[in-house]
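Student: I have just opened this model and would like to learn how to read it. Could we go through it feature by feature?

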Amino acid sequence: MRIGLDFDNTIVCYDQAITLLAENLFELPPELPRTKLALRDFLRTAKRETEWTAFQGELYGPGMRHAQPFEGAIEALLQLVAAGHELLIVSHRSRRPYAGEPYDLHASARGWVSERLQCYGLFAEDNSNVNFLETRQQKVACIAELGCQAFLDD
């Protein structure tokens, strides 16, 4: 079976990365939970939307180095491959952040795949089965074009 997988918040868990980046970039009240939603709401309430947008660029750019696979994800992917299934990543994210430094967010994600997944033999080193697209519509079209028989998304 050809199985498509979303990337962000499906394979990749950003909890640790959010905590580390938030601590380094912002002065936050000690009682504020170091979660994505709490940080977003805090910055928006403080009329700091641009900082929130720039934070997302940091998170999905260089902050990827702090992100981890979800617990059990690698083992599950290895079991699917061992059972004969073909796995493809099909995900959408903008190529560049909307604010802050102009990181290549697709390159950051591919680097994470290379460092965290390909070392286990998951996904081809040439990234032929790794697809990052800029819009949800492109993602849906790619899933159909690739003939995914199942798709796992958060």
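Student: Let's begin with strand pairing. Which residue of E4 stands opposite Leu-5?

Tutor: This is a predicted model, and in it Leu-5 faces Ile-89 of E4. To read a pairing, look for the bridges between two strands and for their direction. E1 and E4 are joined by 4 bridges in the parallel sense.

Student: And which residue of E6 does Leu-5 stand opposite?

Tutor: On that side, Leu-5 lies opposite Leu-152 in E6. Another pair to look for is Gly-4 with Phe-151, also in E6. E1, which covers residues 2–5, runs parallel to E6, with 3 bridges between them.

Student: If I follow Ile-89 onwards, what is its bridge partner in E5?

Tutor: Ile-89 has Val-130 as its bridge partner in E5. E4 and E5 run parallel and are joined by 4 bridges.

Student: How do I put these pairs together? What is the order of the strands in the sheet?

Tutor: List the strands by who sits beside whom, rather than by their place along the chain. Here that gives E5-E4-E1-E6, an open sheet of 4 strands with parallel pairing.

Student: Which strands stand at the edges?

Tutor: The edges are E5 (130–133) and E6 (150–152). Each has a single partner strand, so one of its sides has no neighbour in the sheet. You can also look at the twist: on average, neighbouring strands here are turned by 20° against each other, ignoring direction.

Student: How should I read the two faces of a strand?

Tutor: In a regular strand, side chains alternate between the two faces of the sheet. Take E5 as the case here: Val-130 and Phe-132 are on one side, Asn-131 and Leu-133 are on the other, and all are buried. Both faces of E5 are therefore covered.

Student: Which helix lies across E5?

Tutor: Helix H6, residues 136–146, lies across E5, and also across E1, E4 and E6. Its direction is at about 160° to that of E4, the strand at 86–92.

Student: Now for two helices that meet. At what angle do the axes of H1 and H3 cross?

Tutor: For a helix pair, check the approach of the axes, then their angle, then the residues between them. The axes of H1 (residues 15–25) and H3 (residues 49–60) come within 10 Å and cross at roughly 130°. That angle makes H1 oblique to H3. The crossing is right-handed.

Student: Which residues meet there?

Tutor: From H1 you have Ala-17, Ile-18, Leu-21, Ala-22 and Leu-25, and from H3 you have Phe-55, Glu-58 and Leu-59. By character, the contact has 7 nonpolar residues, no polar ones and 1 charged one.

Student: Thr-53 is in H3 as well. Is Thr-53 buried or exposed?

Tutor: Thr-53 has a relative accessible area of 19% and counts as buried, because the cut-off is under 20%. Beyond its neighbours within four places in sequence, Thr-53 touches Tyr-98 and Ala-99.

Student: What should I look for in backbone angles?

Tutor: Most residues other than glycine have a negative phi. Two residues here are worth finding with that in mind. Asn-9 has a positive phi, near 65°, and lies in the loop between E1 and strand E2 (12–13). Phe-123 also has a positive phi, near 65°, in the loop between helix H5 (105–116) and E5.

Student: How exposed is each of these residues? I would like to know about Asn-9 and about Phe-123.

Tutor: Asn-9 is partly exposed, at 32% relative accessible area. Phe-123 is buried, at 8%.

Student: Last, how do I spot parts of the chain that come together in space? Which residues does Asp-154 contact, apart from its neighbours in sequence?

Tutor: Compare places in the sequence with contacts in space. Asp-154, in the segment after E6, is in contact with Asp-6, Asp-8, Asn-9 and Thr-10, leaving aside neighbours within four places. Asp-154 is exposed, with a relative accessible area of 63%. Its C-alpha atom is 12 Å from that of Val-90, which is 64 residues away along the chain.

Conventions: Residues numbered from 1 in each chain as written. Predicted model: local features only at pLDDT ≥ 70, side-chain atom pairs only at ≥ 80, totals over all residues. Heavy atoms only, no water. Axes fitted to C-alpha atoms, helices over the stretch in contact; angles between N-to-C directions. Parallel < 35°, antiparallel > 145°, perpendicular 65-115°, else oblique. Left-handed = near helix turned anticlockwise from the far one by under 90°. Contact = heavy atoms within 4.5 Å. Nonpolar A, V, L, I, M, F, W, Y, C, P; charged D, E, K, R; others polar. Pairing = 2+ DSSP bridges. Buried < 20%, exposed > 50% of the residue type's maximum accessible area, 1.4 Å probe, protein only.
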